[in-house]
Amino acid sequence: MSLTCFTKSTRPFEGQKPGTSGLRKAVKVFQQENYTENFVQCILSAMGGSLTGCTLVVGGDGRFFGKEAVDIIIKMCAANGVRKVIVGHDGILSTPCVSCVIRKYKTAGGIVLTASHNPGGPNADFGIKFNISNGGPAPDGVTNAIYDLSKHIVEYRICPEVKCNISVIGKQEYVVDSRPFTVEVIDSVNDYVEYMKEIFDFGIIKDLIRGASGTPLKVLINAMHGVTGPYVRRIFLEELGASADSAVNIEPLEDFGGHHPDPNLTYAADLVKALKEGEYGFGAAFDGDGDRNMILGHKAFFVTPSDSVAVIADNTDYIPYFKKHGVKGLARSMPTGCAIDRVAEKKGMEVFEVPTGWKYFGNLMDADRLSICGEESFGTGSDHIREKDGIWAVLAWLSILAGRKMSVEQVLLSHWDTYGRNFFTRYDYENCESEPCNKMMAVLDAMGSDKSMAGKKLSYGDKTYTIAKIDNFEYRDPIDGTVAKNQGVRILMSDGSRVVFRLSGTGSSGATVRLYIESYESNSSTFTKNAQEVLKPLVEIALQLSKLTEFTGRTLPTVIT
Ligand code: G16
């Protein structure tokens, strides 16, 4: 029996503009009649000629409203001429796994249902993101096209008669408007785990954990009730033989247990506390959709994401994937600490500085100019897929610890010994009112064209910095020439220290101000100093210069990293 499709009338919704990584709004916004359908139709319409007869991957982090969204997407794909939808079991696929599956099965792209590290549940956030055929987040050109379509949409196509049980693994076949249409429900972790076993030497990591040639490494992995739970169980408990108490919060929950599934020192405080007690030698946490990671050593020794990616880039000899494919180039997002630049310089490799957003790495990877990259926002990854990858980062770290026979802290100390230390911190002021934040950014932006700023001396305590330059970061993609403007105001000091201000593009309402501070030290007596103490003068100078408290009313940040 051929199922019938319908064209339904609709009206545009305001604000369906994808941010740093997809459209993120309150669940209640997505639940409005036609809201989700409109956005999905715009994604499908933006695919143009590549839509008819294609295969798409659909999955998400298991948050509230995910299953409803999968159902809508399947019905709309059926009606829009898609040939096949590959969907994760119960709608579950981590963001890195979606990227892996898109690439493995050479599909036209995928739709990821996540608001990443934002809280979940009926009163929290949901998100929809489109990934293209390289497995990575859609670039600005595509998301702008989606947004333009959303402003003028008058109808969408849907086939309500497609009833699909996503709790059953296997193929379900339909005939829709006389065309064949298939939904294949896949195991959520198999493809990803197989790939990780190609990239890393699981035997070596297993030996490290069980202590084959010395003391066992006690690890504690916290999945924060996000999507990584099933991946953690399979990889760390079943494949690598870690004891059952090595993994916590591995049941994915629709509301992440009521917490922010964000792996940082504030929201993963329980991991920090457990590591401080000294029983574990290695700790890690992931965010809701599994693309972010935080790495801790014994006694909660914190590895900044900026250092983490630099260490991985410096130790590729311990990772079979890089031995096989080589390392073509390195990259970081603009606000990320510059530790990786020093590794690139020493190794004679290209290093790229892109705007915040993983989507900016994709072209460089596709052009074979980039292998390893990272962001200060707890994103670390490589060209094995086109998303940042939390579990990959942990496996990379464990491979390095096994190869170098050192603790996390020893690896960092040895790294700073070679390269010096880029001290880095980020202050977040969450849920501010948008208007005053926009004004503050405009004032900072104007300083860039104020000639009197260069050479100006700014002091706090006994520290004095001289402004070398202020600008608003602009990026020209070296591969396709596209330009991204207004990516954050940089205040560059004459000694190489940096202050960066930008507004987050991942919030669902209001504004979040991010203040990034970095300063470099080559004197080894400073390496073990507390980053907050070292950077305090620069933080205070940044706050005075920006008048942040006057604009936002905030005297303290919500999160300090
Ligand atoms: C997303 C992007 C990242 C970006 C991060 C922070 O991460 O994929 O590339 O660094 O947002 O963005 P913002 O500072 O604009 O909030 P995720 O993990 O939220 O998808």
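Which residue forms a salt bridge with Asp-140, and how far apart are the closest N and O atoms? The partner is Lys-359, with the closest N and O atoms 3.2 Å apart. Please keep in mind as you look around that this is a predicted model.

## Salt bridges

The Asp-140 pair is a good place to start, as it links distant parts of the chain. Asp-140 belongs to helix α5 (residues 140–152), while Lys-359 sits in the loop between β17 (350–354) and α13 (362–366), 219 residues apart. Are the two partners buried or exposed? Asp-140 has 24% relative accessibility and therefore counts as partly exposed. Lys-359 counts as buried because its relative accessibility is 12%, below the 20% cut-off for that class.

In total, the structure holds 36 salt bridges. Three of them are set side by side here, including the one just described.

| Salt bridge | N to O distance |
|---|---|
| Asp-140 and Lys-359 | 3.2 Å |
| Glu-277 and Lys-273 | 4.0 Å |
| Arg-426 and Glu-376 | 2.8 Å |

Let us take the other two pairs in turn. Glu-277 meets Lys-273 through their side chains. Glu-277 counts as exposed because its relative accessibility is 60%, and Lys-273, at 56%, counts as exposed too.

Next come the side chains of Arg-426 and Glu-376, which also meet in a salt bridge. Arg-426 lies in strand β20 (residues 421–432) and Glu-376 in the loop between β18 (372–375) and β19 (379–382), so this pair ties together parts that are 50 residues apart in sequence. Both Arg-426 and Glu-376 are buried.

Salt bridges also form a network in this model. Its members are Arg-332, Asp-341, Glu-353, Lys-469, Asp-471, Arg-490, Arg-498 and Glu-518.

## Strand β4 and its neighbours

Now for a strand. How many of the 6 residues of strand β4 are buried? In this strand (residues 55–60), 5 of the 6 residues are buried, so β4 is largely enclosed by the rest of the structure.

Which strands pair with β4? One is strand β5 (residues 84–92), which runs parallel to β4 and is joined to it by 5 bridges. Here Thr-55 has Lys-84 of β5 as its bridge partner. Strand β6 (residues 109–113) also pairs with β4 in the parallel sense, over 5 bridges. On that side, Val-58 stands opposite Ile-111 in β6.

A helix completes the picture: β4, helix α3 (residues 66–79) and β5 make a β-α-β unit, and this unit is right-handed.

Methods: Residues are numbered from 1 along each chain as its sequence is written. This is a predicted model: local features need pLDDT of at least 70, side-chain atom pairs count only at pLDDT 80 or more; totals for chains, interfaces and linings use all residues. Side-chain values use heavy atoms; hydrogens and water are left out. Helices (H or I, at least four residues) and strands (E, at least two) are DSSP runs, numbered from the N terminus. Buried means under 20% relative accessible area, exposed over 50%, partly exposed in between (1.4 Å probe, protein chains only). Two strands pair if DSSP finds at least two bridges between them. A crossover is right-handed if, with the strands pointing away from the viewer, the path from the first strand over the helix to the second runs clockwise.
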